[in-house]
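Colleague: Take me through one part of this model closely. Pick the core, and give me the cut-offs as you go.

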Amino acid sequence: MPKILKSRRLHYGSSAVFSTVVFFAILVLVALIAERHPLRADFTETGAFSLSEQSRKVVASIEEPITIKAFFASGAPEASRAKDLLETYRYYNKNLHYEFIDPDREPQLARQYEIRDYGVLVVEGLGRKETVLRADEEALTNALFKLSRQEDKTVYFLTGHGERSFDDMTKAGYSSARSALVKENMQIKSLNLMQQTEVPQDAAVVIVAGPQKPLFPEEVATLETYLLRGGKLVFFLDPEKDGGVRSFLQKYGIVLGDDMIIDKLSRVFGGSYLMPVVTQYGSHKITQGFNVATFYSEARSVTPVDDPPDGVTLVTLASTSENAWAETDLDRLYRGEAIFEQDKDKPGPVSLGVLAAVDTKKVASEQPSVSQGSNGAQDADAEAQDVEKTDAKPALGYLVVFGDSDFVDNTHFGVSGNSDLFLNMVHFLAEEETLISIEPRMQKAQTLMLTAPQARMVFWTSVVGVPMVVVLVGFGVYRVRRSQR
């Protein structure tokens, strides 16, 4: 081989190796810069691949590491979308870290985080934990906001009338409900209105769970004052024990039935006729997307009136199937001879859970004597005037009544969807459900109209012109190199 030819090959070979090394070095450098200083641009009209301004503010406020565990099945399309979303959050704050876990491959972790479905996110950090049931921006931003919030919501349980206790760990106690609420970063406290004249200002929700003795009129008046202050009241009232609040509830359009619900369908699930099963839920945020059966041991009917008072909106949250009825002859029921009587009993579906949304401005102004008898601590007129003067106070108070207190005791709390319905209820009332509302980005379809000449130009340019240019350039390079050898 001629020496000059060897020299040329060595020259071109070394140049090619050097160019390749430089090329890969530039690629590595660019990758490192992009890793440390990523830059994203969203050219969509709706900003479909960006966070909203509310989300960016929440994310920017996070100063400590937060880990998001995403429980998805391997290869699921939802996992890919969730990863895009999480990567977008991470782009705005490097303190956010995420990892994907397949519950089927790592069941011990799924049990540890009480994961019962795919698509659940667990947000951990700042000594707290929040569970997100759907991987979208609104849910995730709210979870981060709750995590970074300094104050916990406080749920009060009324005491003094034989109510169920959240400290009671027996079958009839509410210790399981308390544990579940504590896991949701809520504080649980007892409230005795015989010793204090008003509901504490920090009360997010007040629960009256199965009182065995009636409340005193002064206590009822105090609770009503709290309601008209924008408070949230929950009553779990068993059959034959109305807690002395029948008239109070009637005022807001909720009727307690003197009956007990009998449901033959519950036998299908191994229960008794006196444990109605509920699979029908009203249209409300508490029951939105809720499709799990709930069970109630010895429940009474709770019915909304057809014509609610002015300023009150009623929603039936839970009702039985048509196979159930509300038995009014309890003596006959206890003798084991209950049978549906058309004229006396209430046919199914029987309502046993009702929510009343109370417009506090309107109702308080129309009920000037509401607070009379509440030890003078609160005055309804003053409350109404205060509500009118400031927008800081909430406009709505909520009253939720269920005809059973057993369904969240330690025996039944974990049965089917009982715990989920209870937590949904408390979350909504404590204004924990949606702290930040984010409008979903609408994908608008856009039509591109081309004239015939434009269409031909696109065809010749993209289908013929560009490939032809590539071929010609390649051929030219080949000819040049061949001539240099």
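Modeller: The central sheet comes first, then its edge, its helices and its aromatic rings.

This is a predicted model: local features need pLDDT of at least 70, side-chain atom pairs count only at pLDDT 80 or more, and totals for chains, interfaces and linings use all residues. Numbering starts from 1 along each chain as its sequence is written, and side-chain values use heavy atoms, with hydrogens and water left out.

The protein has 13 helices and 18 strands. These are DSSP runs, numbered from the N terminus: helices are H or I with at least four residues, strands are E with at least two. Of its 485 residues, 43% count as buried. Buried means under 20% relative accessible area, exposed over 50%, partly exposed in between, with a 1.4 Å probe and protein chains only.

Now the sheet. It is open and has nine strands, in the order 6-5-7-8-18-17-14-11-12, with mixed pairing. Two strands pair if DSSP finds at least two bridges between them. Strand 6 and strand 12 (294–295) are the edges, each pairing on one side only. At one edge, strand 5 (residues 153–158) runs parallel to strand 6, and six bridges join them. There, Phe-157 sits opposite Ser-190 of strand 6.

Strand 6 (186–191) leads into a loop that ends at strand 7 (203–209), and Asn-192 is in that loop. Is Asn-192 buried or exposed? Buried, because its relative accessible area is 18%. A polar atom of its side chain lies 2.9 Å from the backbone nitrogen of Met-194. The polar-contact limit is 3.5 Å between N or O atoms; within protein, one must be able to donate a hydrogen and the other to accept it, and residues adjacent in sequence count only if both atoms are side-chain atoms.

Helix 12 (residues 418–429) lies across eight strands' worth of this sheet, among them strand 5, strand 6 and strand 11 (277–281). Its direction is at about 160 degrees to strand 18. Axes are lines fitted to C-alpha atoms, for helices over the stretch in contact, and angles run from 0 to 180 degrees between N-to-C directions.

Strand 18 and helix 12 are joined by a loop that contains Gly-403. Gly-403 counts as buried because its relative accessibility is 2%. Beyond its neighbours within four places in sequence, its contacts (heavy atoms within 4.5 Å) include Leu-237, Glu-298, Arg-300 and Leu-352. Asp-242 is 161 residues away in sequence, yet the C-alpha to C-alpha distance to Gly-403 is 9.3 Å. Across the protein, contacts between residues at least 6 apart in sequence join residues at least 24 apart in 74% of cases.

Last, the rings. Phe, Tyr and Trp (its six-membered ring) pair if ring centres lie within 6.5 Å; planes under 30 degrees apart are stacked, over 60 edge-to-face, the rest tilted. The structure holds 20 such pairs. Tyr-281 and Phe-290 are edge-to-face, because their planes stand at 85 degrees, with centres 5.0 Å apart. Tyr-281 is buried at 16%, and Phe-290 is buried at 12%. Phe-402 and Phe-407 are stacked, at 5.5 Å centre to centre and 20 degrees between planes. Both are buried. They belong to one aromatic cluster with Phe-236, Tyr-296, Phe-413 and Phe-422.
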